[in-house]
Amino acid sequence: MGLLSDPNRRRALTNLLTRLNAPICVVCYLAGVMWFMGLAFEPFTLRTYMSENAMGSTMVEEHFPAGERALATGREFAAHKKKVGGMPVNWLVKTMESRGLEVFTQSFTRKLPFPDENKERYLVRGTNVYGILRAPRASRTEALVLTAPCSQGNANNQAVGLLLGLAQYFRSQVYWAKDIIFLVNEHDLIGMQAWLEGYHHTNTTGGDWSPLHGRGGSIQASLSLELSSDVITSLDLVLEGLNGQLPNLDLANLFHAFCQKIGVLCTIQGKLQRNDWESTSGYSHSAQTMMLMVLKQASGRPWGDHGLFLRYHIEAATIRGINSFRQYKTDTTTIGRLLEGMYRKLNNLLERLHQSYFFYLMPSLTRFVSIGYYMPAFGLLAVILLLRALDLWVQLGASAPGTEDGLAEREQSPSSPGVLSILTPVVISHMTGVALYCLPVMSQEMAVQHFPVSETEAVVLTAIAIYTAGLALPHNTHRLLQGEGTEHGWRVLKLVALLYLAVLLGCTALINFSLGFILALSLVPIAAFITPHTHKPLSAAIMVLLSPGCTLLYCVLIFQELQETPVSLQDGWMLFLSVISQGILDHSLYGSLVYPLLALLIYPCWLLLWNILFWK
């Protein structure tokens with residue numbers, strides 16, 4: 001404090017930071033990237049451990065003898081699904097009732113803002129079927145949920161059969177202290193969203209659904225089951241939910257503990273655990289696993305039915321069965337034992353899961369990176385914006401009207417910058433962002449009438465057209481101002497843009513670290529070093545390559561590479577267009593915040609920097 005209170009020392013510190021500003025910024029950027037990549041190195045991470053005492057021990061005898069019967073039920077479900085061409089509601093109701101459950105149905109209807117060409121649907125109608133096993137040993141104030149989506153074709157039939165088999169077995173046990181809800185939802189996330197909104201008496205997305213006539217207690221935890229084969233080689237744990245939310249780490253620890261005990265091969269991001277972390281290949285494996293989690297979390301979309309439960313503070317995860325060419329095989333009976341053991345442990349909870357971490361990254365199922373370890377990587381990038389803002393602040397103070405330099409500048413530049421010269425590009429940039437957010441969906445009918453494209457193509461191409469049209473913003477701004485800016489003006493505008501971007505990225509990283517970090521990687525360099533005096537063609541090319549749209553394209557290509565399914569540039573472009581349409585749909589259907597964040601805030605901020613580059 002003495003260093004900052006003494007004017008001479010404060011001036012000396014300020015002079016040091018301004019004189020070495022550029023080298024310090026470069027060092028901070030490289031240090032932030034190296035810090036993040038070092039998080040995948042096993043000695044720098046923490047070993048997972050169970051924080052909740054009620055689930056700390058897995059010393060229970062798991063029982064589930066009806067694996068073959070569950071597969072037979074799944075085949076029967078598949079036959080009835082094929083016969084009716086969709087969800088066999090009547091058969092499900094009778095089957096659940098025969099297992100002693102209180103069975104209820106919920107119908108729902110949802111009209112999409114434009115057709116979802118990936119799943120070929122526009123007006124969605126469906127029915128959810130769920131049965132409640134009432135707790136025989138408690139007051140029925142709490143509940144657990146087991147879900148299995150009714151997917152198209154032959155997908156997930158085994159999961160529904162196992163769900164019904166577990167319901168029959170759970171019905172014969174007397175130790176349940178919580179209601180257990182067995183839910184089969186239609187149309188994947190749309191049906192799950194309708195059921196959750198009906199269960200909690202909310203309607204945040206504008207869906208049309210019938211009210212639920214049967215409810216259990218307050219939901220404490222949920223597992224979603226996805227099995228599409230009679231024989232499974234490994235179980236993959238999916239954690240990423242809506243807007244980058246993650247369940248309590250104890251839920252992942254519980255899954256891993258039972259997999260280890262029963263002898264089931266378990267993966268995360270589809271990748272196995274490796275013990276050769278000291279080798280280059282071992283580190284590369286951990287880094288790829290962590291980066292896959294970062295990219296999935298940054299997308300903001302729910303990667304399974306569990307992703308929508310997290311919005312209601314319900315700890316949830318998806319267990320996905322994988323049938324690959326591995327020699328290790330796991331039958332349905334073993335998977336049923338694993339789920340039975342997990343639900344017995346969750347049944348012991350006296351309160352919601354809260355003792356472990358909610359903000360973390362996982363390079364493997366045995367290691368995790370807590371928020372205290374990964375936030376410094378973002379902080380090193382964010383401090384660059386503050387250092388550049390400090391440098392600009394000092395420059396503006398040195399050229400203030402009251403100083404000799406300021407008087408000389410005013411003599412050279414008679415028109416001092418007014419509020420209009422700063423406010424105009426800010427307003428126009430955000431109006432462009434509002435157009436990017438609203439017009440693609442609103443103008444789809446007009447685009448279809450005038451161009452030979454489908455509704456989905458019209459939405460995506462309109463968004464790209466508005467995004468590209470923003471490149472003409474500096475020219476339009478200068479025409480509106482009817483005059484040239486000043487040296488003082490662009491510095492003030494850049495100071496505003498730097499502080500705006502710092503606050504924006506900081507708030508984003510607190511909500512969704514992965515999204516904030518990826519945006520900081522691309523936006524911080526151009527925000528720090530862009531000026532009107534740089535080589536404009538080269539600087540413009542760099543700015544376009546580091547723009548939010550190109551960053552999204554890079555993420556799509558990197559994600560495919562990390563999943564070991566590389567695509568050509570043409571296929572990558574088609575995936576890029578699909579990601580844009582899915583992002584807009586996820587915002588309309590489930591409330592994903594990534595699209596409005598990019599359109600209303602990130603893109604206008606980038607346009608401010610673009611305006612600075614072409615400042616006259």
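These are my notebook entries on a sheet, two surface patches and a few single residues.

**Entry 1: before starting**
I am working from a predicted model.

**Entry 2: the sheet**
I looked up the strand order first and got S1-S12-S11, an open sheet of three strands with antiparallel pairing. S1 (46-47) and S11 (360-364) are the edge strands; each has a single partner, so one side of each has no neighbour in the sheet. As a reminder to myself, strands in a sheet pair through backbone hydrogen bonds, in either the parallel or the antiparallel sense.

Then I went through the pairs. S1 meets strand S12 (residues 367-370) over two bridges, antiparallel. For a landmark I noted leucine 46, which sits opposite phenylalanine 368 in S12. S11 and S12 are also antiparallel, with three bridges between them. Here my landmark is serine 364, opposite arginine 367 in S12. The link from S11 to S12 is a hairpin through two residues.

Is S11, an edge strand, buried or exposed? I checked: five of its five residues are buried, so the rest of the structure largely encloses S11. Buried here is under 20% relative accessible area.

**Entry 3: the negative patch**
Next I went looking for charge on the surface. I found a patch of negative charge where Glu117, Glu120, Glu445, Glu455 and Glu457 gather. I picked glutamate 457 for a closer look and placed it in helix H15, which covers residues 455-469. Its relative accessibility is 38%, so I logged glutamate 457 as partly exposed.

**Entry 4: the nonpolar patch**
Which residues make the nonpolar surface patch? I listed Val26, Leu30, Met34 and Phe529, and the patch comes to about 400 Å². Helix H3 (residues 21-38) is the biggest giver, with three residues. Phenylalanine 529 belongs to helix H18, residues 513-529. With 37% relative accessibility, phenylalanine 529 goes down as partly exposed.

**Entry 5: tyrosine 122**
Last, I looked up tyrosine 122, which is in strand S3 (residues 121-133). I have it as partly exposed because its relative accessibility is 36%. I also took its C-alpha to C-alpha distance to proline 247: the two are 31 Å apart in space and 125 residues apart in sequence.

**Entry 6: to keep**
For later, I am keeping the S1-S12-S11 order, the patch of glutamates that includes Glu457, and the nonpolar patch that includes Phe529.

Notes: Residues numbered from 1 in each chain as written. Predicted model: local features only at pLDDT ≥ 70, side-chain atom pairs only at ≥ 80, totals over all residues. Heavy atoms only, no water. Patch = residues over 30% accessible without salt bridge, like charges linked within 9 Å, V, L, I, M, F, W, Y side chains within 5 Å. Areas by Shrake-Rupley, 256 points an atom, 1.4 Å probe, with all protein chains shown as cover. Salt bridge = Lys/Arg side-chain N within 4 Å of Asp/Glu carboxyl O. Lys, Arg positive; Asp, Glu negative; His and termini not counted. Charge placed at Lys NZ, Arg CZ, Asp CG, Glu CD. Helix = DSSP H or I, 4+ residues; strand = E, 2+ residues; numbered from the N terminus. Buried < 20%, exposed > 50% of the residue type's maximum accessible area, 1.4 Å probe, protein only. Pairing = 2+ DSSP bridges.
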